[in-house]
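Me: Please take a close look at one part of this model. I would like to know how two neighbouring elements are held against each other, residue by residue.

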Amino acid sequence: KEKLSEINTYRGGKILPTDLTHPVAPLPSEIEKRQREADRLKKSQSQMDEPHASQSSSTLFDQILNEINERRAWQSEMEVIGEGGKSRQKTVEEISARVKELHRIDKVRAQQVLI
């Protein structure tokens with residue numbers, strides 16, 4: 001309904017004389033849609049800026065590295081209290097998955113840190 005109302009308001013009808021209708025131009029909703037699309041593109045391009053992306057990947061790398069260290073420490077505690085056998089396989093799988101993520105983010109840094 002709103003779209004039809006807008007078309008009839010801004011584009012007139014065939015019955016109305018041309019001096020009673022708005023000039024033929026894009027509808028306000030079309031202009032707004034184009035503006036939103038342009039804003040979305042600008043936002044996505046600004047998010048892809050290299051310094052910002054490398055900063056967030058560095059933060060993510062450090063966060064994953066901390067998770068690996070936490071799991072190693074937790075498994076060591078479990079080994080000390082004699083419960084390591086129950087959780088060893090799960091912990092190894094979790095650490096392995098995190099290491100793969102580190103290599104996906106930054107192979108060189110991952111090799112340096114994990115040696």
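Reply: What follows goes through the pairing of helices α3 and α4, after a short look at the whole chain.

The model is predicted. Its chain has five helices and zero strands. From the N terminus on, the order is α-α-α-α-α. Mean pLDDT for the chain is 78. Of its residues, 72% reach 70 or more. Confidence varies by element. Helix α4 has the highest mean pLDDT among the elements, at 89. Helix α1, residues 2-11, has the lowest, at 71.

Burial comes next. The chain has 115 residues, and 15% of them are buried. The accessible surface comes to about 9400 Å². Carbon and sulfur atoms account for 55% of that surface. Contacts between residues at least 6 apart in sequence can be split by separation. Of these, 46% join residues at least 24 apart.

Now the pair itself. Helix α3 spans 50-80, and helix α4 covers residues 84-105.

Start with the nonpolar core. The largest one has eight residues in all. They are Phe61, Ile64, Leu65, Ile68, Ile95, Val99, Leu102 and Ala110. Helices α3 and α4 each supply at least two residues of this core. The most come from α3, with four residues. Ile64 is one of the core residues. Leaving aside neighbours within four places in sequence, Ile64 is in contact with Arg98, Glu101, Leu102 and Ile105. Of these partners, Leu102 is itself listed in the core. Arg98 brings in a charged pairing as well.

Turn to the charges. Side chains of opposite charge can pair when their charged atoms come close. The whole structure holds eight salt bridges. Three of them are taken up here, beginning with Arg98.

The side chains of Arg98 and Glu67 form a salt bridge, at 2.8 Å from N to O. Arg98 is in helix α4 and Glu67 in helix α3, so this pair ties together parts that are 31 residues apart in sequence. Glu67 is partly exposed, at 25% relative accessibility.

Next is Glu94 with Arg71. Their side chains meet in a salt bridge too, at 2.9 Å from N to O. Glu94 belongs to helix α4 and Arg71 to helix α3, so the bridge ties together parts 23 residues apart in sequence. Glu94 is partly exposed, with a relative accessible area of 25%.

Then comes Arg88 with Glu79. The closest N and O atoms of this salt bridge are 3.0 Å apart. Arg88 counts as partly exposed, at 39% relative accessibility. Glu79 is partly exposed as well, with a relative accessible area of 36%.

Thr91 offers another view of the pairing. This residue lies in helix α4. Is Thr91 buried or exposed? Thr91 is buried, because its relative accessible area is 4% and the cut-off for buried is under 20%. The side chain of Thr91 reaches the backbone oxygen of Ser87 at 2.8 Å. Beyond neighbours within four places in sequence, Thr91 is in contact with Arg71, Trp74 and Gln75. Arg71 is also the salt-bridge partner of Glu94.

Gln75 sits across from Thr91 in this contact list. Gln75 is found in helix α3. At 10% relative accessibility, Gln75 counts as buried. Outside its neighbours within four places in sequence, Gln75 is in contact with Gly84, Ser87, Arg88 and Thr91. Two names on that list have come up with other roles. Arg88 pairs with Glu79 in a salt bridge. Ser87 supplies the backbone oxygen that the Thr91 side chain reaches.

Gly84 closes the tour. Gly84 lies in helix α4. Gly84 is buried, at 1% relative accessibility. Not counting residues up to four places away in sequence, Gly84 touches Gln75, Met78 and Glu79. Glu79 is the residue already met as the partner of Arg88. Trp74 gives a further marker. The C-alpha atoms of Gly84 and Trp74 are separated by 9.4 Å, with the two residues 10 apart along the chain.

To recap the pairing: both helices contribute to the nonpolar core. The Arg98 and Glu67 bridge joins α4 to α3, and the Glu94 and Arg71 bridge does likewise. Buried Thr91 and buried Gln75 are in contact with each other.

Notes. Residues numbered from 1 in each chain as written. Predicted model: local features only at pLDDT ≥ 70, side-chain atom pairs only at ≥ 80, totals over all residues. Heavy atoms only, no water. Buried < 20%, exposed > 50% of the residue type's maximum accessible area, 1.4 Å probe, protein only. Contact = heavy atoms within 4.5 Å. Areas by Shrake-Rupley, 256 points an atom, 1.4 Å probe, with all protein chains shown as cover. Polar contact = N/O pair within 3.5 Å; in protein donor to acceptor, adjacent residues only side chain to side chain. Core = buried A, V, L, I, M, F, W, Y, C linked by side-chain atoms within 4.5 Å. pLDDT = per-residue confidence, 0-100. Salt bridge = Lys/Arg side-chain N within 4 Å of Asp/Glu carboxyl O.
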